[in-house]
Amino acid sequence: MGVIIGDYGESGVIDQMYVMGGEGNVSVLNVLLKKNTLGGITKIAIVIDGGIVATVFLEFWKRRRSTLTYTWDLIEWEEEEETLRPQFEAKYYKMERVNPISGKPEPHQPSSDKVTRLLVSISGIFFMISLVITAVFAVVVYRLVVMEQFASFKWNFIKQHWQFATSAAAVCINFVIIMALNLAYEKIAYLLTNLEYPRTESEWENSFALKMFLFQFVNLNSSIFYIAFFLGSGCLIDLCLQMGVIMFLKQIWNNFMELGYPLIQNWWSRHKIKRGVQDASIPQWENDWNLQPMNIHGLMDEYLEMGIWYGILEGIGILAVITNAFVIAITSDYIPRFVYEYKYGPCANHFEYGESCLTGYVNNSLSFFDLSELGMGKSGYCRYRDYRGPPWSSKPYEFTLQYWHILAARLAFIIVFEHLVFGIKSFIAYLIPDVPKNLYDRIRREKYLVQEMMYEAELEHLQQQRRKSGHPVHHEWP
């Protein structure tokens, strides 16, 4: 779709116009406007394609989740009232309140104490995030310091490729900092979560997962964000190096911790057992002491990598559509071109086959400025990109009616574009049900069989009561 719709932008802008500086500037301006228009139309297609891909991915994710839920027999699972954490009970056993659910008194955390601990925890989170940003700027300072050193290095290879050497060294140092901060963040998130004294285990897990996600998101993406948006032009190689090293080396490290490190631990445990004295009288629970200890967080790491992303991806998808709608409407040349083509151009009142509806668009999109108003002894007019009245008009340099038409068209485009993309997403979600058809029929079949079993059991119970009371027995409901 992106290629098909993007071809429309290749029509370009045909104009005949002369501005101060010669005919060459007009050609450059035409090329820039042509690229800007093509970019705007291509952005529309890319956003629509991205929304479709994200929706299809999430819908198939839902189908997979429903299949696993059925396989694990969790369809009818209902969350029970959780018990209090021992740490919470030990901390607030002197302050009790009647639980509205159970009707029994239980320890209660005062609101003032809860707010105070949350503020301290939030302060710790912001401090660690600021530490990440400080580390990013420290790497930037390092690049500036060693850039001159690599340029005057004794080795000819490094001297000739000093820019690549500087970027590669900075990326490697940044990766080491990221991995070191990741280890520190887990400890700090654990301490901050315990400082809050969550009431139940699920509250503790949710709070811990949120902190870890914020820490890891900022830690992994802050350097990439800085290079992409603040370092300036010509930094594509730096961005590719940063993303490649972080993704590649981090994946290697994760694979080692999930596969290699347990293998090494198992080998070392077997080695210690072989060196020890084998005694068949030792009970099994003592032999199990040599097994690897279970992670205190359980499947928290897997949840951070997979489960937490479901809601995040849905939110990012909605935010991306809204953001791109504003970006396309405000920054691209698509809307002004569209308004000129159907309102102010040669095809506004009539259309003839073969006629270019964009003739005169460049001249129409440029306003006049009187150079004599600068007070520098220059005369003549300069053209600039805007929709303002000329100096000889009754209201010079004020926005023209065409400007307000374009502004209204931009706002209308945002609304129409959002509704169009969300409509496509909703239609795709309707076409791809959350539960597969065969699984849905299987679940309904099981519910039907359960209802039949309950019916037969109740009927048998009533028949037994009739036999005891001497009434005739029927095989249907009385």
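Modeller: Helices are DSSP runs of at least four residues, numbered from the N terminus. This is a predicted model.

Colleague: In which helix is the place of Asn-364?

Modeller: We look for the run that holds position 364. Residues 361-365 form one helix, and Asn-364 has its place there. The helix is H13.

Colleague: Is Asn-364 buried, exposed or partly exposed?

Modeller: Buried means under 20% relative accessible area, and exposed means over 50%. Asn-364 has 24% relative accessibility, so the residue counts as partly exposed.

Colleague: Which residues does Asn-364 touch, not counting residues up to four places away in sequence?

Modeller: A contact needs heavy atoms within 4.5 Å. With sequence neighbours up to four places away left out, the partners of Asn-364 are Tyr-340, Tyr-387 and Gln-402.

Colleague: What separates the C-alpha atoms of Asn-364 and Gly-345?

Modeller: Along the chain, these two are 19 residues apart. In space, their C-alpha atoms are separated by 9.0 Å.

Colleague: What is the relative accessible area of Asp-301, a residue of helix H10?

Modeller: Helix H10 covers residues 300-307, and Asp-301 lies in it. Asp-301 also helps form a negative surface patch with Glu-186, Glu-258 and Glu-302. Patch residues need over 30% relative accessible area. Asp-301 is partly exposed, and its value is 36%.

Colleague: How much of the protein counts as buried?

Modeller: The cut-off for buried is under 20% relative accessible area. The protein has 478 residues, and the buried share is 30%.

Conventions. Residues are numbered from 1 along each chain as its sequence is written. This is a predicted model: local features need pLDDT of at least 70, side-chain atom pairs count only at pLDDT 80 or more; totals for chains, interfaces and linings use all residues. Side-chain values use heavy atoms; hydrogens and water are left out. Patches are made of residues with over 30% relative accessible area and no salt bridge: like charges are joined within 9 Å, nonpolar side chains (Val, Leu, Ile, Met, Phe, Trp, Tyr) within 5 Å. Accessible areas come from the Shrake-Rupley method with a 1.4 Å probe; for residues, only the protein chains shown count as cover. A salt bridge is a side-chain nitrogen of Lys or Arg within 4 Å of a carboxyl oxygen of Asp or Glu. Lys and Arg count as positive and Asp and Glu as negative; His and the chain ends are not counted. The place of a charge is taken as NZ of Lys, CZ of Arg, CG of Asp or CD of Glu. Helices (H or I, at least four residues) and strands (E, at least two) are DSSP runs, numbered from the N terminus. Buried means under 20% relative accessible area, exposed over 50%, partly exposed in between (1.4 Å probe, protein chains only).
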